[in-house]
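Trainee: Could we go through this structure step by step, with the reasoning behind each label spelled out?

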Amino acid sequence: RRFSSQRYTPTIKHSPLIQDYFIDSSVLQNVFEKSFTNGSCVNFVHAFADADTIRGISADRVCIDEVQDILWETMPVIRETMAASEYKWIMYAGTPKTFDNTIENLWKGSTQCEWYICCPACRHGNIPSIRNIGETSYVCSKCGKPLDLKSGEWVAINPAASRLGFRIPQIIRPSLDWCDLRRKIDGGEYSEGKIQNEILGEPFDV
């Protein structure tokens, strides 16, 4: 409900293109279902405990957010909504928590793309980790020199995989407030597990 009301609906409402060509008085625009004049439809459903709410839907694209909280056993049922589609587009997003959850299974079967930066000072190859968090900026995990985030590139750790996968940790965002990040870490506000999960996008277990 929150995603539909606060993210999706405002996007539709403030798009002149969609309003002019795909919306009129005949379309359905409630919280859980949106339809358009070209015949397409968007359904918002949950599959937290089981996939029964998914059954009966026919789709070309499936987008699953917070996929780490979806039971792995429900994934085949969710994917079967695209059985008759010629497109079969699917996207997963979320934050890994432990090493044993749905997003980790998906990540292991993906290309595992990481933001790679070669340090100009020592030539060390950097993949985002806790060692890249310097006092005031993103730094080389070997020599500690500041790194330019824009000088990096996506590198696939598992290039043979058919599913594209990207890890996007907070620390590679150019707009990140570094002082705020240091307060979270130095002030003890975040445990080691929370730093790994929420800031680095990495799984963590005791």
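**A sheet and its tryptophans**

Mentor: Let us begin with an open sheet of three strands, whose order is β6-β5-β7 and whose pairing is antiparallel; please keep in mind that this is a predicted model.

Trainee: What makes β6 and β7 edge strands?

Mentor: Strands β6 (125–126) and β7 (153–156) each pair on one side only, and that is what the label of edge strand expresses here.

Trainee: How do you know that β5 and β7 pair?

Mentor: Pairing asks for at least two bridges between the strands, and strand β5 (residues 113–118) and β7 have four bridges in the antiparallel sense, so the requirement of at least two is met. Within this arrangement, Trp-115 stands opposite Trp-154 in β7.

Trainee: Why is the contact of Trp-115 and Trp-154 called an edge-to-face aromatic pair?

Mentor: The ring centres must lie within 6.5 Å, and planes over 60 degrees apart count as edge-to-face; Trp-115 and Trp-154 have 5.2 Å centre to centre and 70° between the planes, so both conditions of the rule are satisfied. The pair links distant parts of the chain, since Trp-115 in strand β5 and Trp-154 in strand β7 are 39 residues apart.

Trainee: Why is Trp-115 called buried, and why does Trp-154 count as partly exposed?

Mentor: Trp-115 is buried because its relative accessible area is 16%, where buried means under 20%. Trp-154, with 34% relative accessibility, is partly exposed, because that class lies between the limits of 20% and 50%.

How values were computed: Residues are numbered from 1 along each chain as its sequence is written. This is a predicted model: local features need pLDDT of at least 70, side-chain atom pairs count only at pLDDT 80 or more; totals for chains, interfaces and linings use all residues. Side-chain values use heavy atoms; hydrogens and water are left out. Helices (H or I, at least four residues) and strands (E, at least two) are DSSP runs, numbered from the N terminus. Rings of Phe, Tyr and Trp (its six-membered ring) pair if their centres lie within 6.5 Å; planes under 30 degrees apart count as stacked, over 60 as edge-to-face and the rest as tilted. Buried means under 20% relative accessible area, exposed over 50%, partly exposed in between (1.4 Å probe, protein chains only).
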